[in-house]
Amino acid sequence: MADSCLGPFFCKPLGPSPLPLFLFQIPKLPFHFPSKSMAAHCHCSSNPRPSQPSLLVFSGGTAFNGVVEELKKLTVRVAHVLPVSDDGGSTAEIVRVLGGPAVGDIRSRCLRLADESTSEALSVRRLLGHRLPINPQQAKSEWYEVVEGAHSLWEGVSKPYRETIRSFLAYFQNEIIRRHNESFCFSNGSIGNFFFAGARVFFQSLDAAIFLFSRVSDIPPESLVLPVISTNDRLTLGCELWDGTIIRGQNEISHPTNGSVGPVDKGRSSVPALPSRIKRVFYMSSEGRNSLHEVFPTANAAVLDQLSNVDCIVYAMGSLFTSLCPSLVLLGIGEIISSRSCPKVLLLNGTHDRETSSFSASSFVTAITDALNRTYGDSHNCLKNFVVVDSIRDPKVGIIFDPESLINALGNVVSRYMRTKD
């Protein structure tokens with residue numbers, strides 16, 4: 001497949017004016033980009049259009065959330081593809097006790113897509129987005145209030161929604177009690193994660209749980225939230241560093257927390273640096289702790305179908321090796337992407353993290369093409385076309401994309417491609 005996995009723009013351009021491939025934020029980092037005066041300007045209407053473009057977005061459950069609301073103004077025809085290998089925070093506790101895939105990233109994206117047009121919709125979103133206190137005893141006490149229907153979070157939630165949500169929360173509680181050999185810790189737990197886990201165990205289907213969550217939170221039917229692997233089993237992510245070191249578990253790769261279940265800080269200053277750069281990521285057997293056993297799960301057929309038909313493929317900002325690459329390394333993903341002539345857009349991070357310390361923009365491109373080709377270290381992968389996008393400084397997380405500028409520029413890229421199809 002070689003470099004064609006990122007699209008035809010690494011090979012032969014389509015026509016005299018090739019479409020932009022990458023959207024870059026201008027961060028205060030040692031990257032050498034053209035001046036901000038070259039920023040793209042696009043005025044995309046927020047009014048509904050007869051035929052909205054369709055996008056597929058590879059992302060994790062945090063960074064891209066900041067632009068989801070703005071993206072709705074461009075199109076709701078978006079397939080959000082998310083990994084299911086997270087093993088940190090309250091998600092790790094659910095997986096430890098109940099097994100199964102991680103649902104935290106999926107729940108997070110579903111909440112961002114949830115309806116906000118009525119007071120009840122806001123009440124449901126507030127309930128499913130609520131996190132319990134850090135203190136274990138306080139968290140357990142508040143959880144009992146929620147599952148018994150006595151918590152103030154239920155205010156504004158009508159009887160049909162209340163009974164549906166409570167049923168699966170109660171089922172989740174019952175499943176925990178049945179694991180009498182395991183003591184579940186509710187610290188910093190997400191009510192939405194507990195609802196999701198209860199539905200998944202009840203139906204014995206991750207897809208069914210996503211469908212239920214989507215209907216309860218009233219996500220537009222054109223907006224799809226797809227696990228990159230549709231499974232009812234636990235998945236463990238591993239990585240190999242260039243010095244030969246093997247690290248087991250997404251949390252250990254990205255932001256080791258030493259068992260803490262509190263809010264995660266992925267900044268470089270909060271975690272020790274990796275001893276060497278990451279060479280590749282892969283999936284490992286969840287059986288045993290001391291042996292290296294690489295496994296090769298199958299990509300979700302629904303993801304492959306969407307990849308074959310969308311108007312634009314987006315590699316979102318976020319944790320490069322633990323949010324994007326776990327989706328890209330699966331068999332079939334790179335093959336389909338390399339066959340498509342639609343725009344492929346990389347949204348570059350505004351800051352470095354533990355996974356990408358000292359990375360240049362081209363290093364991101366190489367990591368993505370390596371994952372898609374299931375190879376590594378091709379120095380010929382480089383930047384070809386780009387659009388400069390405005391950035392803003394967020395007091396909590398630092399430099400991020402300006403959502404409006406980003407979606408306007410993305411809309412311009414897609415609309416140019418759509419015109420070539422007419």
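Me: What do the buried residues of helix 1 pack against?
Reply: In this predicted model, the buried residues of helix 1 pack against strand 2, strand 3, helix 3 (104-113) and helix 14 (403-421). The buried residues in question are Asn65, Val67, Val68, Glu70, Leu71 and Leu74.

Me: Strand 2 and strand 3, then. In which sense do they pair?
Reply: Strand 2 and strand 3 (residues 78-82) pair in the parallel sense, over four bridges, and within that pairing Leu55 stands opposite Val78 in strand 3. The chain gets from strand 2 to strand 3 by way of helix 1 (residues 65-74), and this β-α-β crossover is right-handed.

Me: Which strand 9 residue is the bridge partner of Val57?
Reply: The bridge partner of Val57 in strand 9 is Val314. Strand 9 (residues 312-315) runs parallel to strand 2, and four bridges join the two.

Me: And the faces of strand 2, are they covered or open?
Reply: Both faces of strand 2 (residues 55-58) are covered, with Leu55 and Val57 buried on one side and Leu56 and Phe58 buried on the other.

Me: Changing topic to the other sheet, what order do the strands 5 to 8 take?
Reply: They form an open sheet of four strands in the order 6-5-7-8, with antiparallel pairing. Strand 6 and strand 8 are the edge strands, each pairing on one side only.

Me: How many bridges join strand 5 to strand 7?
Reply: Six bridges join strand 5 to strand 7 (residues 278-284), and these strands run antiparallel; one of the residues involved is Gly238, whose bridge partner in strand 7 is Phe282. Towards strand 6 (residues 246-248), strand 5 is joined by three bridges, again in an antiparallel arrangement, and there the bridge partner of Gly238 is Arg248.

Me: What about the turn in that hairpin, which residue takes a positive phi?
Reply: Gly244 does, with a positive phi near 95°, in the hairpin of strand 5 and strand 6, which has four residues between the strands.

Me: How many residues of strand 5 are buried?
Reply: Six of the six residues of strand 5 (residues 236-241) are buried. Taken by side, Thr236, Gly238 and Glu240 are buried on one face, while Leu237, Cys239 and Leu241 are buried on the other.

Me: And where does strand 8 come in, what stands opposite Met284?
Reply: Met284 stands opposite Glu294 in strand 8, and two bridges join strand 7 to strand 8, which run antiparallel.

Me: Now the pockets. What is the volume of the second largest one?
Reply: The second largest pocket has a volume of about 520 Å³. Of the 27 residues that line this pocket, the closest to its centre are Lys279, Arg280, Val281, Asp370 and Thr375.

Me: Which element gives the largest share of that lining?
Reply: Strand 7 gives the largest share of the lining of the second largest pocket, with six residues. Strand 7, strand 8 (294-295), helix 11 (320-328) and helix 13 (361-373) each supply at least two residues of that lining. By class, the lining divides into 17 nonpolar, four polar and six charged residues.

Me: And closed spaces, how many cavities of 30 Å³ or more are there?
Reply: The structure holds three cavities of 30 Å³ or more, and the largest cavity has a volume of about 70 Å³. Among the 13 residues that line the largest cavity, Ser85, Asp86, Asp87, Arg234 and Leu235 are the closest to its centre. That lining has six nonpolar, four polar and three charged residues.

Me: Two single residues before I stop. Where does Val271 sit, and why is it called buried?
Reply: Val271 is in the loop between helix 9 (250-254) and strand 7. Val271 is called buried because its relative accessible area is 10%, and the cut-off for buried is under 20%. The C-alpha atoms of Val271 and His255 are separated by 6.2 Å, although these residues are 16 residues apart along the chain.

Me: And Arg166, what does it touch?
Reply: Leaving aside residues up to four places away in sequence, Arg166 touches Val147, Glu148, Gly149 and Trp154. The C-alpha atoms of Arg166 and Gly149, which are 17 residues apart along the chain, are separated by 7.3 Å. Arg166 lies in helix 6 (residues 159-178) and is partly exposed, with a relative accessible area of 31%.

Definitions and conventions. Residues are numbered from 1 along each chain as its sequence is written. This is a predicted model: local features need pLDDT of at least 70, side-chain atom pairs count only at pLDDT 80 or more; totals for chains, interfaces and linings use all residues. Side-chain values use heavy atoms; hydrogens and water are left out. On a 1 Å grid over the protein atoms alone, a cavity is a set of points where a 1.4 Å probe fits but cannot get out, and a pocket is an open set with protein on both sides within 12 Å along at least five of seven lines; lining residues have an atom within 4 Å of a point. Grid points are joined across faces, edges and corners, and a volume is the space filled by probe spheres set on the points. Ala, Val, Leu, Ile, Met, Phe, Trp, Tyr, Cys and Pro count as nonpolar, Asp, Glu, Lys and Arg as charged, and the others, Gly among them, as polar. Buried means under 20% relative accessible area, exposed over 50%, partly exposed in between (1.4 Å probe, protein chains only). Two strands pair if DSSP finds at least two bridges between them. A crossover is right-handed if, with the strands pointing away from the viewer, the path from the first strand over the helix to the second runs clockwise. Contact means heavy atoms within 4.5 Å.
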